[in-house]
Amino acid sequence: MSKIIVIDDDTSLLQLIKNALENEHTVTIYNSLVNVSIREINSHDLLILDVMMPQLDGFTFLKEKRREIDIPVLFLTAKNFEQDLIEGFSVGADDYIVKPFSIKELRYRIMAHLRREKRTKNNLIHIGNIFCDFTEKKIYVDETEINMTSTEYEICSLLIRNPNRVFTKDEIYEKIFGYDGVGDAETTIRERVKEIRKKFKAYQEEPIKTVWGVGYQWEKNQ
């Protein structure tokens, strides 16, 4: 079953959506964005998000966080103005449904996006406060991009794609530089990892762990 998260300040509507979808999907509901983490959102397959909410509205939230959210987002709104549609798509919405709507329409829109998602490989990995954008070849801690050399990025990319797997220094060297690399694998990788750790430590993060006598791993359960 697919996992769907619904965030809307209308508790009656939340319960209606949950009751309508829970035979086909696992549905989690929240009546506010305030206490919902990005990690919680990304543990689902699709986000249904209300536009107009107190404290933090859906437009503002998605505009600030879309880069970190790696699932389809379907906006709910009571409005039907062209400008709202334009704004919704401009901040990263995948679809838009206007209240009041039929449950049948909602089901079909959800099915369409879940099918599309299965055909598309996600190009973000989010572990703890760190996420990697493989399209832009950038790594972030929360909202901040970490300034890395291309080699440092490639090492992080290799490890974060394979969390908790231990790589030897020779394996890392070969995957980054190829079999024709002419440097010393032991020294090169040790020094590169040392520099990477310094950059993450500035943000109180230590994702790369040493497995003594073996090599390095990206620790998933930070």
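Phe-59 and Phe-75 are both buried. The exercises below start from these two residues and use a predicted model.

**Exercise 1. Classify the ring pair of Phe-59 and Phe-75, and state which elements the pair ties together.**

Step 1. The ring centres of Phe-59 and Phe-75 are 5.2 Å apart. Rings count as a pair if their centres lie within 6.5 Å, so the distance of 5.2 Å qualifies.

Step 2. The planes of the two rings stand at 90°. An angle over 60 degrees counts as edge-to-face, and the pair of Phe-59 and Phe-75 is therefore edge-to-face.

Step 3. Phe-59 belongs to helix α3 (residues 58-65) and Phe-75 to strand β4 (residues 73-77). The pair therefore ties together parts that are 16 residues apart in sequence.

**Exercise 2. Classify the ring pair of Phe-75 and Tyr-96, and find which cluster includes both residues.**

Step 1. For Phe-75 and Tyr-96 the centres are 6.1 Å apart and the planes meet at 70°, so this pair is edge-to-face.

Step 2. Phe-75 is in strand β4 and Tyr-96 in strand β5 (residues 95-98), and the pair links these distant parts of the chain, 21 residues apart.

Step 3. Phe-75 has a relative accessibility of 0% and counts as buried. Tyr-96 is buried as well, at 6% relative accessible area.

Step 4. Phe-59, Phe-75 and Tyr-96 make up one aromatic cluster. The structure holds four aromatic pairs, among them Phe-59 with Phe-75 and Phe-75 with Tyr-96.

**Exercise 3. Describe the setting of Thr-77 in strand β4.**

Step 1. Thr-77 is found in strand β4. Its relative accessible area is 1%; burial means under 20%, so Thr-77 is buried.

Step 2. Residues up to four places away in sequence are not counted here; beyond them, Thr-77 touches Asp-50, Val-51, Tyr-96, Ile-97, Val-98 and Lys-99. One of these residues, Tyr-96, is also in the aromatic cluster with Phe-59 and Phe-75.

**Exercise 4. Work out how strand β7 pairs with β6 and β8, and which way its side chains point.**

Step 1. Strand β6 (residues 124-127) pairs with β7 in the antiparallel sense, over four bridges. Ile-125 stands opposite Cys-132 in this pairing.

Step 2. Two residues lie between the strands in the hairpin of β6 and β7, where Gly-128 has a positive phi near 60°.

Step 3. The pairing of β7 with strand β8 (residues 138-141) is also antiparallel, over four bridges. Here Phe-131 faces Tyr-140 in β8.

Step 4. From strand β7 (residues 130-133), Ile-130 and Cys-132 point one way, while Phe-131 and Asp-133 point the other way; all are buried.

Step 5. Glu-68, in the loop between α3 and β4, is in contact with Phe-131 of this strand. Leaving aside neighbours within four places in sequence, the other contacts of Glu-68 are Ile-38, Asn-42, His-126, Asp-142 and Glu-143. Glu-68 is itself buried, with a relative accessible area of 6%.

**Exercise 5. Decide whether Cys-132 and Cys-156 are bonded or not bonded.**

Step 1. A disulfide is a covalent bond between the sulfur atoms of two cysteines.

Step 2. The sulfur of Cys-156 is 7.7 Å from that of Cys-132, its closest cysteine sulfur. The cut-off for a disulfide is within 2.5 Å, so 7.7 Å is too far for a bond.

Step 3. By this rule the structure has zero disulfides. Cys-132 is buried at 0% relative accessibility, and Cys-156 is buried at 0% as well.

**Exercise 6. Locate the positive phi values of Gln-55 and Lys-137 and the cis peptide bond at Pro-100.**

Step 1. Most residues other than glycine have a negative phi, and most peptide bonds are trans.

Step 2. Gln-55 has a positive phi, near 70°. It lies in the loop between β3 (46-50) and α3 and counts as exposed at 71% relative accessibility.

Step 3. Lys-137 has a positive phi, near 55°. This residue is in the hairpin of β7 and β8, which has four residues between the strands, and counts as exposed at 51% relative accessibility.

Step 4. The peptide bond joining Lys-99 and Pro-100 is cis, with omega about -5°. Pro-100 lies in the loop between β5 and α5 (103-119).

Technical notes: Residues numbered from 1 in each chain as written. Predicted model: local features only at pLDDT ≥ 70, side-chain atom pairs only at ≥ 80, totals over all residues. Heavy atoms only, no water. Phe/Tyr/Trp six-rings, centres within 6.5 Å; stacked < 30°, edge-to-face > 60°. Buried < 20%, exposed > 50% of the residue type's maximum accessible area, 1.4 Å probe, protein only. Pairing = 2+ DSSP bridges. Contact = heavy atoms within 4.5 Å.
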